[in-house]
Amino acid sequence: MSDPKHTLLSTIDSPADLRRLPRERLPQLADELREHVLHSVSRTGGHLSSNLGTVELTIALHYAFDTPDDRIIWDVGHQSYPHKILTGRRDAMGGLRQYGGISGFPRRCESEYDTFGTAHSSTSISAAVGMAVASRNQGHGKRQHIAVIGDGSMSAGMAFEALNNAGVMRDCNVIVILNDNEMSISPPVGALHRHLTKLMSGNFYAAARRVGQKILDPVPPLREFARKFEEHTKGMLGPGTIFEEFGFNYLGPIDGHDLDTLVSTLTNLRHRGGPQFLHVVTRKGAGYKLAEADPILYHGPGKFDPVRGIVKTAVPTKPTYTSVFSDWICDMAAKDSRLMAITPAMREGSGLVKFEQQFPTRYFDVGIAEQHAVTFAAGIACEGAKPVVAIYSTFLQRAYDQLIHDVALQNLDVTFAIDRAGLVGADGATHAGNYDYAFLRCIPNMVVMAPADEAECRRMLTTAYEYAGPAAVRYPRGSGPGVATERVLDTLPLGKGEIRRQSGAAAGGRVAILAFGSMVAPALAAAEQLDATVANMRFVKPLDADLVRELAASHDAIVTVEEGAIMGGAGSAVTEALAAHGIVLPVLQLGLPDRFVDHGEQGVLLAECGLDAAGIARSVRERFGGRVRLAAVAGSASA
Ligand SMILES: Cc1ncc(C[n+]2csc(CCOP(=O)(O)OP(=O)(O)O)c2C)c(N)n1
Ligand SMILES: CC(=O)[C@@H](O)[C@H](O)COP(=O)(O)O
Ligand SMILES: [Mg+2]
């Protein structure tokens, strides 16, 4: 690294280099590290606030522990940039979240220091417990397993399932570090937050900090005294924490920006066995005033100028699908007082900021708790109210049993507004919503729709809402083709697609492209080159089987296109319908391949998967020749 500002950081190629530094040099390293995080994220985009907040904690962890032999597991992993920089990826930050570059999350294939792949929250404690059990049984009884988890992520059921398990494993070395910055993406919610606030409040926190500095001095002769003093003071300081009730030895809260306290505390913890819990208090966005003032805006920004900060542009841009949903839900709630909106901790991303302002008593942020969100919606529906669950496709995966067992099996009237369906771009494979067509369409009672454009999205949301059972609308991240929406609340006929373009080709050369959702626009563009018919199928379930039959009868080959996994997806619904009617003709199924697609710009990734107009046209030509010639394809099996 040539930057003269990073004189110390530029000498750190691994945690071993870091551990050679005298403690008094760590604050300088923290300054340079923070600066490097800020400048690289400003150039690539990425998760800024959380990383600025964990600079000191990361340094202290790698300083105090023997990484990578000691295992650090970063929950979510959106705060792992300082860790990446200190573990040999300092100069790779320019490619962070870019096509071909390093990931924005920890990945086992990227570094031996990335001990566990994360991105969906609240998995770290479970993974740490699993590793600790294995280490114990393999004779690595001294190894430590450290889960670093945020206060938002701590609210998920999975985290508590793991605490419950770990709390009785006295001979397993698990350290849970709660990185409490009093923020999720938006302000934290719920009773756990209230409990943490109590632990950090006024005198308790101040006293605990003083005590922490005294008792955690690692000098051996003081240890026994420290232990007794700690027990004594814990009793004096007030009620036990929930974590102690789970069987953890709770320490803290301590200041997560005070390197001295952090290093002393962690060094001490390193030599303790059994379940340990350290409560660390940090500031989201620390060290960058703009992010400290607005950690939500700087949670996951795109590129920006670090001097000016994020500048809100006055130029009108195309509305995103999220904003179409945002307008729709406010309009529908104004019309129907039964509507209630639910988000599992994704108020901003799911487009519910305006709704919360307008309908605060009908808005429910349940925290990072997708399973609860879905069953909570089921309960609401049981009483005749009308829940709308706004959820990212990838996070709905968490609530699959709840969707089947609690909603669909009882045919409850729950609307699912599924955002970030398909490839999401810079977050990569962990966040891609590639499986919802496949996992939703096999559930009885479900209605599943995918809009071709913004106006259709609005109509589908109304259709889902008016449908008296479970219904889902899945739409992609970002904007669509730019079709203007009107503030009306009209519906679509259930299970009916439409023809968008008719082929003029002669018999023997006619191709029908059956496109779903976001693939309608590129299919139409490809069809211009191929002179193909294009159907906007609209519904994956109920599939418009009449339209499929009609197109099969009038064309020589069928092509299905979807922004979802080919296996079991929308195209599979078409081939099943053809088979059910005994129709045999050449079929080409286009969609996402049977592999995980890495990060990069959405358009680039779609092109890589052959799902842009050029790719669709190319696949059709490759499969069927320049024009479809039945002679060339007759007798070939379905793809
Ligand atoms: C299962 C799941 N649901 C939702 C998210 C989206 N998400 C990413 S970070 C985040 C907030 C996490 O809060 P916290 O753990 O306190 O970390 P902080 O952002 O404050 O550093 C959320 C909701 C996710 N990654 N995984
Ligand atoms: C880490 C995480 O899960 C979220 O911050 C996610 O990256 C948000 O994605 P969007 O930018 O698509 O809202
Ligand atoms: Mg937090």
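This is a short talk on a predicted protein model with ligands, going from confidence to helices, two buried residues and the ligand shells.

Okay, hi everyone. Quick housekeeping: residues are numbered from 1 along each chain as its sequence is written, and chains are lettered from A and ligands numbered from 1 in the order they are written. Since the model is predicted, local features need pLDDT of at least 70 and side-chain atom pairs count only at pLDDT 80 or more, while totals for chains, interfaces and linings use all residues.

So, confidence. pLDDT is the predictor's confidence in each residue, from 0 to 100. Here the protein's mean is 92, and 91% of its residues reach 70 or more. The model also scores ipTM 0.99 and pTM 0.94. Which stretches stay under 50? Residues 214-226 do, and so do residues 629-639. Where pLDDT is low, the coordinates should not be read in detail.

On to helices. Helices here are DSSP runs (H or I, at least four residues), strands are runs of E with at least two, and both are numbered from the N terminus. Take α6, residues 124-137. The expected span of a helix is 1.5 Å times one less than its number of residues. For the 14 residues of α6 that gives 20 Å, and its end C-alpha atoms are indeed 20 Å apart.

Which residues of α6 are buried? They are Ser124, Ile125, Ala128, Val129, Met131, Ala132 and Ser135. Buried means 20 or more other C-beta atoms within 10 Å of the residue's own; exposed means 12 or fewer, partly exposed is in between, and C-beta atoms are placed from the backbone. The buried residues of α6 cover an arc of only 165° around the axis, which puts them on the same side of the helix. (The arc is that of the directions from the helix axis to the C-beta atoms.) Their cover includes β1, β2, α7 and β3. Just after α6, Gly139 takes a positive phi of about 85°.

Why do such patterns turn up? An α-helix has 3.6 residues a turn, so residues three or four places apart point the same way.

Next, α23, residues 545-554. Leu547, Val548, Leu551 and Ala552 are its buried residues. Down the axis they fall within an arc of 130°, so they line one face. The face turned away carries exposed Asp546 and Ala553.

Towards the end of the chain there's α26, residues 613-624, reaching 16 Å from first C-alpha to last. Ile616, Ala617, Val620 and Phe624 are buried there. Their arc is 95°, so again they line one face. Gly625, just after α26, has a positive phi of about 90°.

Now two single residues. Ala421 sits in the loop between β9 and α20. Ala421 is buried, with 28 other C-beta atoms within 10 Å. Its contacts (C-beta atoms within 7 Å) include Ser393, Arg474 and Pro476. Glu456, in helix α21, is buried too, with 25 such atoms within 10 Å.

Last, the ligands. A residue is near a ligand if its C-beta atom, placed from the backbone, lies within 6 Å of it. Of the 21 residues around ligand 1, Ser50, Ser121, Gly150, Gly152 and Ser153 come nearest. That shell has 7 nonpolar, 10 polar and 4 charged residues. Ala, Val, Leu, Ile, Met, Phe, Trp, Tyr, Cys and Pro count as nonpolar, Asp, Glu, Lys and Arg as charged, and the others, Gly among them, as polar. Around ligand 2 the residues include His47, His78, Asp427 and Arg477. Thanks, that's me done!

Notes: Contact = placed C-beta atoms within 7 Å.
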